[in-house]
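Colleague: Hello! I am new to this one, so could you walk me through it with a few questions?

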Amino acid sequence: MASAAEQLASNLNFSAFAKAEDLKKRIWFTLGALLVYRLGTYIPMPGINPEAFAQAFEQQSGGVLGVFNMFAGGAVERMAIFALGIMPYISASIIMQLMTSVVPTLEQLKKEGEQGRKVINQYTRYGTVILATVQAYGIAIGLESGANIVTDPGWFFRISAVITLVGGTMFLMWLGEQITARGIGNGISLIIFSGIVAGLPSAIGGTLELGRTGAMSTGLILAIIVLAIVVIGIIVFFERAQRRLLIQYPKRQVGNRMFQGDTSHLPLKLNTAGVIPPIFASSLLLLPTTAAGFSDTTQLPAWAGTVLATLGHGQPLYMILYAVLIAFFAFFYTAIVFNPKDTAEQLKKHSGFIPGYRPGERTAEYIDYVLTRITTVGALYLVLVCLLPEFLIASTGVPFYLGGTSLLIVVSVTLDTVAQVQGHLIAHQYEGLIKKSKLRGGKRGR
């Protein structure tokens, strides 16, 4: 086994990749699916005046529309058929995960394995349709309220807008599932990833243009590059960091034979919540200013104007609330996706235990204690990664695409996809070694 592992490590190179036909097919399928997505972000929704909408979007690009536009790959600023993006599906998934922890029926479905997971996924799709329909209707009403944005306002436009936007979201959901099943990586994450990456060249070009015109010094641009590299390094380190709890299994006797007890590890990621906390935090904070942008600000009371001014992007109150909300969602989402009691019950069911702790409740308490401590570190890491670029954006006017949330998504998805590619290569190498060993065994038998 040791020699096989050494041979595997030495052969895991480009030649191994060239021989992995199934992996190449998966990569080509993924690239083709992402190309289809990118083409869809340029197909405009019918009934829209592009020039009038471009002017309206320019006024609101600093609000929540800017966040959604980043995740939708620029489809919002073009009001394309994929303007809603994949966010309704993500929201429905989070709501369903929360409900599985609260509703006993859904909790039971979660424990039924593959069949229960299929039912929950179907409920998630229904929830996506409902959320997308509500959001699409709200977008249609908002577009009609703008000056000359809609060429022919009325119920026909609203219905066509809802059908177009909901259909676009459902197609992206299907496309993401196809990438996950037949491609490489997580389809939903890759769709968001491709949208952000597609906007990075223009963001970098805009920054260099500021340097060319003298609006930004060369030293500041170099400092931005260094900061981006440092932030990427921090993200890579913390996204790969995990606390591994030792799990032991007792000796067991089968017939007259005694088998030695096994040991394994329970990996707990430092950042279990992933990129959800900064996405939710930024969206919530930008909602008030975006809503105010679509309304008549002269009719607002004086205190509301003061609150909106202090909640502006880059303001001290915005930064404080942003940090607090990121930390809150880090703990909140971790509590949703990881249940220490369920983990302890599974360990007890398979006769596993953590040394020094009794199976059951004491094990659950210990896992919860460790998870709380590492989540605290993970929340601090998310706050640091997201706030450092925010201070830079507020003080220098660097394009929004270079924010901490976008870098976090890009690096996290890249790490996950590379890990899956390596997994396919390792599986391919093992299959090759097994075939060679069988051939050698057959020749010896002859």
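**Helices that cross, and a helix with two sides**

Modeller: Gladly! This is a predicted model, and a good place to begin is the pair H6 and H8, whose crossing is right-handed.

Colleague: How are H6 and H8 oriented to each other?

Modeller: Helix H6 covers residues 87-102 and helix H8 covers residues 114-145. Their axes come within 8 Å and cross at roughly 130°. Angles over 145 degrees would count as roughly antiparallel and 65 to 115 as roughly perpendicular, so H6 and H8 are oblique.

Colleague: How many charged residues does the contact of H6 with H8 have?

Modeller: On the H6 side, the contact includes Pro88, Tyr89 and Met96, while H8 brings in Ile120, Tyr123 and Leu131, among others. By class there are 9 nonpolar and 7 polar residues, and the number of charged ones is none.

Colleague: Which residues of H3 meet H10?

Modeller: The axes of H3 (residues 21-40) and H10 (residues 187-213) come within 10 Å and cross at roughly 60°. From H10, the contact has Leu190, Ile191, Ser194, Gly195 and Ala198. The contact divides into 5 nonpolar, 3 polar and 1 charged residue. Meeting them from H3 are Thr30, Leu34, Tyr37 and Arg38.

Colleague: Where on H15 do the buried residues lie?

Modeller: In H15, residues 340-349, the buried ones are Pro340, Thr343, Ala344 and Leu347. Lys341 and Lys349 are exposed on the other side. Seen down the axis, the buried residues fall within an arc of 100°, so they line one face of the helix.

Notes. Residues numbered from 1 in each chain as written. Predicted model: local features only at pLDDT ≥ 70, side-chain atom pairs only at ≥ 80, totals over all residues. Heavy atoms only, no water. Axes fitted to C-alpha atoms, helices over the stretch in contact; angles between N-to-C directions. Helix = DSSP H or I, 4+ residues; strand = E, 2+ residues; numbered from the N terminus. Parallel < 35°, antiparallel > 145°, perpendicular 65-115°, else oblique. Left-handed = near helix turned anticlockwise from the far one by under 90°. Contact = heavy atoms within 4.5 Å. Nonpolar A, V, L, I, M, F, W, Y, C, P; charged D, E, K, R; others polar. Buried < 20%, exposed > 50% of the residue type's maximum accessible area, 1.4 Å probe, protein only. Arc of directions from axis to C-beta.
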